[in-house]
Amino acid sequence: MKNYNRIILITGLLFTVAGCKISKDVQTPKPELPVAFNGEAGKDTVGIGALPWKSFFHDDVLQALIDSALIKNFDMRIALKNIEEAQQVVRQSKWNNAPTVNLSATASTNIPSKYSLNGLTASQFLGSNHIEDYAAGASLSWEADIWGRIRNTNKAALATYLQSNEARKTLQTDIIASVSKGYFNLLMLDEQLRVAKHNMALNDSTLHIVGVQYNFGQVTSLAVQQAQAQQLAAAELVPQLEQEIALQENALQILAGQLPGTVRRHAILDDIKFPLELSTGIPSVVVRQRPDVKSRELDLVIANAKVGINKAQMYPALRITASGGANALKASDWFNIPGSLFGVVGASVLQPLLQHKELSTQYKIAGIEREKTVILFRQTVLKAVGEVSDAMVKIEKLKHQDLIAAQRVATLQRATANANSLFQNGMTNYLEVITAQGNVLQSELELASVKRQELSAITDLYRSLGGGTN
C-alpha cells in the first residue's frame, strides 16, 4: 500500500509541474504590408480574389475545361489522396493518449534432465518427468503526457492535415490559372490563323494583278517573284499556327485529365471580357486569404510543436504499467479461480541523462528550423505582394499597348486598302502594296498576342489575390 501511495504522490507532483509549459510558442509574425497595392486603394476589402472562379471566368467552354481539370487532373487527384492520408494520421493521433493493451496466451512443456535440479524437483513434487506451464493474461501500459509531448504530436498532425488542404487549394489556383491561360493562348492562335488566311487572300489578289501586268509587259518577273514570296510568307504561317493550335489543344485536354484531342469552341479572343475595374482589396486581408501564406502559418504551428516535442524528450517520462491473468502448472488448474489469478502494477520514471548530447542537439535544431519557418513566412508574404504588384503593372501597361496596337492595325489596314486601290488604278507600284500587306500582317499578329498577354495578366492577378479557391 505504501508503494501505491508513493506512485500516486509522484504522479501528482509531476502533473502539478506539467501545469507550466516547458517551451514557449512563437506567434505568427505580423508581416510588413503596404496600405494599398501599388498605391491604389481598393474599393472593397477582399477584391476580386474573393469571387468564385465561375463568377470570374464566364466562357462556358473554359468553365467546362476547368471543371474537368479540378476533377480529373492527376496532380489534383494526388493532392486529394494526400489529404486522405493526413486525415488518417489525425484520426490515429486521437488515440495517442489512450493506453496500449496487449493480450497473450501461452502454453509450454519443459522436459528437464533427470539429474538436474528441475528434473528432480518435478519428479518429486509433480510426479512427472516434465513441467507444464499455462498462462493467459493482459498487459496495459500508459504514458502520462506530463510535458506535452503527446499533445504537441497531436497538434502537429492536425496542422499537417490542414496544410495538405491548403496545398490542394494552391494547386487548384494554379490549375485554374494554367487552364485559363492555355485557353486564351488557343483563342489567340485561332485569331492569328484567321489573320494569316485573310492575308493570303489579299496576297492572291495582288499576285493575280501583278501577273496580269507582267503578261502585258508592265512589270518584270522580279515583281511576280516578290509577290509570290509575300504570298508564301503568309502561307507558311498557316501550317505553323495549325501545329501550335493542335499542340495547345492536346495540352489543355491533358491538363483537364482527358485524352489529347480537339477542344470544341465557339468564342473568339475579343469575346473574352473582364470588368474594367479590377479591385485588389486591402493587402492585409488579401494576403491572408492566399493558401500558400496559410500553409506557411501552419508550418510555424508544426515547428512550434516539434520544439515542444524535442524539449519534452529531455524531461522525465512517467509510464504506468499493469498486467494480470491466469497462470498454472496444470491445464486442469488454469480455470481454478481465484487461485490461478496473478496481477502486477508498476510505475516507472525515466530521466535521460547522457545520450551523446543527441536530445539537446535535436532541440536546438528544432529551434533553428522554427526560425527558418518564420523567415520563409515573411518571404512568402513578400512574394505575394510582389506577384500582385507585377500583375497590376502588366495589366496597366498592356492595356496601353493594346490601345496603341489597335490604332496601328487600323491605320495599316486603311493604308493597305489605299495601296490596293492605287495599285489597281496604276497610281503606285507593287512594292508599296507588298510592304503595306506585310506590315498589316505583322501588326494584326502582334495585336492578338498583346490581347492574350493582357488576359493572362488579369488571370495572374486573380490567382495572386487568392482567387480560385472557391
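**Salt bridges and helices in a predicted model**

Good morning. The side chains of Asp299 and Arg296 meet in a salt bridge, with 3.1 Å from N to O. Please bear in mind throughout that the structure before us is a predicted model.

Let me stay with that pair for a moment. Asp299 and Arg296 belong to helix α9, which covers residues 291–312, and because they are 3 residues apart there, about one helical turn separates them. Arg296 has a relative accessible area of 25% and is partly exposed. The helix around the pair is another matter: 17 of the 22 residues of α9 are buried, so the rest of the structure largely encloses this helix. Its length can also be checked. With 1.5 Å for each residue, the 22 residues of α9 should span 32 Å, and the C-alpha atoms at its ends are 31 Å apart, which agrees.

How many salt bridges does a search of the whole structure find? The search returns 16. I shall present two further examples and then a network.

The first of these is formed by Glu166 and Lys169, whose closest N and O atoms are 3.8 Å apart. Both residues lie in helix α6, residues 149–215, at a separation of 3 residues, or about one turn of the helix. Are these two residues buried or exposed? Glu166 is buried, and Lys169 is buried as well.

The second example joins Glu369 and Lys372, whose side chains meet in a salt bridge at 3.4 Å, N to O. These residues are in helix α10, residues 358–424, and since they are 3 residues apart, about one helical turn lies between them. Glu369 is partly exposed, at a relative accessible area of 39%. Lys372 is likewise partly exposed, with a value of 42%. As for the network, salt bridges with shared partners connect Arg290, Asp292, Glu387 and Arg463.

While we are in helix α10, I would draw your attention to Ala405, which is also placed in that helix. Ala405 is buried, with a relative accessible area of 14%. Its C-alpha atom is separated by 8.0 Å from that of Val450, although the two residues are 45 positions apart along the chain.

I turn now to helix α3, residues 60–72. Its 13 residues should span 18 Å at 1.5 Å a residue, and the end C-alpha atoms are indeed 18 Å apart, so expectation and model agree. What caps the N-terminal end of this helix? The cap is Asp59, which has a side-chain oxygen 3.0 Å from the backbone nitrogen of Val61. The buried residues of α3 include Val61, Leu62, Leu65, Ile66 and Leu70, and Gln63 is among them too.

Gln63 deserves a closer look. Its relative accessibility is 19%, and it counts as buried because the cut-off lies at 20%. Which backbone oxygens does the side chain of Gln63 reach? One belongs to Lys54, at 3.1 Å. Another is that of Phe57, which lies 2.7 Å from a polar atom of the Gln63 side chain.

Next comes helix α4, residues 74–93. At 1.5 Å a residue its 20 residues should span 28 Å, and its end C-alpha atoms are 29 Å apart, which agrees. Within α4, the residues Met76, Ala79, Ile83, Ala86, Val90 and Ser93 are buried. Why do we place these six on the same side of α4? The reason is that they cover an arc of only 85° around the axis. On the other side of α4, Phe74 and Glu85 are exposed. This helix also has a cap at its N-terminal end, provided by Asn73, with a side-chain oxygen 3.0 Å from the backbone nitrogen of Asp75.

Finally, I would like to show one feature of the surface. Val101, Leu103 and Leu140 form a nonpolar patch there, and together they present about 310 Å² of accessible area. Of these, Leu140 is found in strand β2, residues 131–143. Its relative accessibility is 33%, and Leu140 therefore counts as partly exposed.

To close, I would return to two points. Helix α9, where we began, has 17 of its 22 residues buried. Helix α4 has buried residues on one side and the exposed Phe74 and Glu85 on the other. Thank you for your attention.

Conventions: Residues numbered from 1 in each chain as written. Predicted model: local features only at pLDDT ≥ 70, side-chain atom pairs only at ≥ 80, totals over all residues. Heavy atoms only, no water. Salt bridge = Lys/Arg side-chain N within 4 Å of Asp/Glu carboxyl O. Helix = DSSP H or I, 4+ residues; strand = E, 2+ residues; numbered from the N terminus. Buried < 20%, exposed > 50% of the residue type's maximum accessible area, 1.4 Å probe, protein only. Patch = residues over 30% accessible without salt bridge, like charges linked within 9 Å, V, L, I, M, F, W, Y side chains within 5 Å. Areas by Shrake-Rupley, 256 points an atom, 1.4 Å probe, with all protein chains shown as cover. Expected span 1.5 Å × (residues − 1). Arc of directions from axis to C-beta. Polar contact = N/O pair within 3.5 Å; in protein donor to acceptor, adjacent residues only side chain to side chain.
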